[in-house]
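Let's take a walk through a protein model together. Keep the 3D view open and turn it as you read.

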Amino acid sequence: MRILVVEDNTLLGDGIQTGLRQHGFTVDWVQDGVAADLAIKGEPYAAVVLDLGLPRRSGLEVLRDMRHSCNATPVLILTARDAIEDRVAGLDAGADDYLVKPFDLNELSARLRALIRRAGGHASAVLTVGALSLDPAGRTVTFRNEPKTLSTREFDLLHALMNHAGRVMSREQIMSALYAWGEEIESNAIDVHLHHLRRKLSPDVVQTLRGVGYMLPKDIQ
Ligand code: CA
């Protein structure tokens with residue numbers, strides 16, 4: 001799951017980025033409101049972690065613009081302990097959740113998983129499609145009731161496909177979901193991960209629609 005972190009405090013931003021990566025998220029980090037606007041318009045994030053006090057453009061303006069342009073990506077705002085008005089203004093502007101600094105990274109990642117889950121219309125923490133089950137918190141997968149061992153990328157790829165079950169994902173959508181900016185990507189990386197998923201799970205788990213993209217069937221058995 002690809003997350004955008006918007007935080008101008010270098011120490012905190014770096015800590016959040018590192019922490020979320022350790023929790024299995026793909027993370028892009030920007031440090032001002034204008035860069036945040038550009039990133040949000042350019043990439044399909046699963047969620048945004050947004051500081052409100054930012055250089056160039058405030059977090060509130062960024063958030064209001066997102067909601068005015070009908071961007072429903074879940075947003076978790078970060079506020080200072082004494083800034084209750086900020087929290088209220090943020091929630092009123094369309095934030096889905098907030099954390100008060102300083103906060104625990106385990107809590108941040110749990111809240112992000114909950115936001116992403118709700119945005120996908122899943123009430124349960126475990127994602128189930130046909131005979132496939134995936135637990136985003138524990139990063140475990142079972143298929144036909146058997147536990148499966150997947151690499152980080154294989155897991156993320158399966159997670160993205162399961163979130164889009166029954167719908168086609170283009171190569172570009174898959175790349176954007178899996179990789180942050182500046183990450184080195186081999187040109188055949190997606191093919192290799194797909195190959196491994198089919199081998200470890202079943203050849204039918206991912207359908208290739210030539211020239212269009214890939215799809216995980218909703219009724220995979
Ligand atoms: Ca700040």
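Start at Asp37, which sits in helix α2, the stretch made of residues 33-42. One thing to keep in mind from here on is that this is a predicted model. Is Asp37 buried or exposed? Its relative accessibility is 13%, and buried means under 20%, so Asp37 counts as buried. And which residues does it touch, once you set aside its neighbours within four places in sequence? Those contacts are Arg57 and Val62.

Now find the calcium ion. Three residues coordinate it: Asp8 and Asp51 each through OD, and Gly53 through O, at 2.2 to 2.3 Å. If you write the spacing of these donor residues along the sequence, you get D-x42-D-x1-G. The two Asp residues link distant parts of the chain, since they are 43 residues apart. Asp8 lies in the loop between β1 (2-6) and α1 (10-22), while Asp51 belongs to strand β3, residues 47-51. Their surroundings are worth a look too. Asp8 has a relative accessible area of 29%, so it is partly exposed. Asp51 has a relative accessible area of 5%, so it is buried.

Next up are the empty spaces, beginning with the largest pocket. It holds about 580 Å³ of space. A total of 24 residues line it, and the closest to its centre are Met1, Tyr45, Ala46, Asn163 and His164. Which helix gives the most to this lining? That is α6, with 3 residues. Along with α6 (152-163), the helices α5 (105-119) and α7 (171-178) each supply at least two residues of the pocket lining. Sort the lining by class and you get 14 nonpolar, 7 polar and 3 charged residues.

There is also a cavity to visit. How many cavities of 30 Å³ or more does the structure hold? The count is 1. The volume of the largest cavity is about 190 Å³. It is lined by 18 residues, and the closest to its centre are Met1, Arg113, Ile116, Pro136 and His159. You've met Met1 already, as one of the residues closest to the centre of the largest pocket. Helix α6 turns up again as well: it gives the most to the cavity lining, with 4 residues. Both α5 and α6 supply at least two residues each here. By class, this lining has 8 nonpolar, 6 polar and 4 charged residues.

Further along the chain, look for Ser202, in the loop between α8 (189-200) and β10 (207-209). Being in a loop doesn't tell you how accessible a residue is, so check the value: Ser202 has 5% relative accessibility and counts as buried. What does its side chain reach? The backbone nitrogen of Asp204, at 3.0 Å. Leaving out residues up to four places away in sequence, Ser202 touches Phe143, Arg144 and Leu197.

Finish at Asn188, in the loop between α7 and α8. With 39% relative accessibility, Asn188 counts as partly exposed. Now turn the model until you can see Arg87 as well. How far apart are the C-alpha atoms of Asn188 and Arg87? They are separated by 45 Å, and along the chain the two residues are 101 residues apart.

How values were computed: Residues are numbered from 1 along each chain as its sequence is written. This is a predicted model: local features need pLDDT of at least 70, side-chain atom pairs count only at pLDDT 80 or more; totals for chains, interfaces and linings use all residues. Side-chain values use heavy atoms; hydrogens and water are left out. On a 1 Å grid over the protein atoms alone, a cavity is a set of points where a 1.4 Å probe fits but cannot get out, and a pocket is an open set with protein on both sides within 12 Å along at least five of seven lines; lining residues have an atom within 4 Å of a point. Grid points are joined across faces, edges and corners, and a volume is the space filled by probe spheres set on the points. Ala, Val, Leu, Ile, Met, Phe, Trp, Tyr, Cys and Pro count as nonpolar, Asp, Glu, Lys and Arg as charged, and the others, Gly among them, as polar. Donors are N, O and S atoms within 2.8 Å of the metal (3.2 Å for Na, K and Ca); water is not among the atoms, so sites may look incomplete. Buried means under 20% relative accessible area, exposed over 50%, partly exposed in between (1.4 Å probe, protein chains only). A polar contact is a pair of N or O atoms within 3.5 Å; within protein, one must be able to donate a hydrogen and the other to accept it, and residues adjacent in sequence count only if both atoms are side-chain atoms. Contact means heavy atoms within 4.5 Å.
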